[in-house]
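This report addresses the salt bridges of one structure and the exposure of the residues that form them.

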Amino acid sequence: MANDCYLSRITLRPFKLNDVDDFMLMASDDMVTYYTRWNTFTSIEQALTFIRDVCIPHPWCRCVCFNDRCIGFISFTLGSGDERCKAEIGYAIAARYRGQGICTKVVKIAVSQVFKDFPCLLRIQALVDVENKASQRVLEKVGFLEEGVLRKYAFVKGKARDIAISSLLSIDNTHHPE
């Protein structure tokens, strides 16, 4: 686990186009994209298009930075209509930064901020491949509770996968979206 001084250099910020080279280092790594629903990136142009067209306009997508250099991302997809009370979290971090407490810190920071940014949210949920034990441990450390396994729930890279669903509820459950 990283020491506090090391973890203090981890920040979240909106993506910038000039993050493309650092982002590509992460997104082109098969170890990083193994459990993601998107394929490993193969070109800088692909990464630039993703940052420009997906990350920057996204309602809540942040660049995970170490000394202001992109080492990952975290995002929340907000529900709408009758599902506006929930959001789904997604994140990935460069392989060389795993196992150091960074993801746990990032998820804690981001969850706290998202509940503040979107006061109508009552629930954040995570859908994680049942084989991705590291991500399940991160969520557990942050306070997410596993609710069950959704069998053959999603195709990931062409294979039907079992997905663990976990959630974290807002501390303030007194508000209800109208």
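## Exposure at the Arg 52 pair

Asp 53 has a relative accessible area of 44%, so this residue is partly exposed (buried means under 20% relative accessible area, exposed over 50%, partly exposed in between, with a 1.4 Å probe and protein chains only). Arg 52, at 42% relative accessibility, also counts as partly exposed. These residues form a salt bridge, in which the closest N and O atoms are 2.8 Å apart; the term denotes a side-chain nitrogen of Lys or Arg within 4 Å of a carboxyl oxygen of Asp or Glu.

## Basis of the values

The model is predicted: local features need pLDDT of at least 70 and side-chain atom pairs count only at pLDDT 80 or more, while totals for chains, interfaces and linings use all residues. Residues are numbered from 1 along each chain as its sequence is written, and side-chain values use heavy atoms, with hydrogens and water left out.

## Further salt bridges

The search of the whole structure yields 9 salt bridges. Among them, Glu 83 pairs with Lys 86, with 3.5 Å between the closest N and O atoms. Glu 83 is partly exposed, its relative accessible area being 45%.

A further salt bridge joins the side chains of Arg 161 and Asp 129 at 2.7 Å, N to O. This pair links distant parts of the chain, 32 residues apart: Arg 161 lies in strand β7 (residues 159–169) and Asp 129 in strand β5 (residues 123–129). Strands (E, at least two residues) are DSSP runs, numbered from the N terminus. Both Arg 161 and Asp 129 are buried.

## A shared network

Arg 13, Lys 16, Asp 19 and Asp 68 belong to one network, joined by salt bridges that share partners.

Note on methods
Helices (H or I, at least four residues) and strands (E, at least two) are DSSP runs, numbered from the N terminus.
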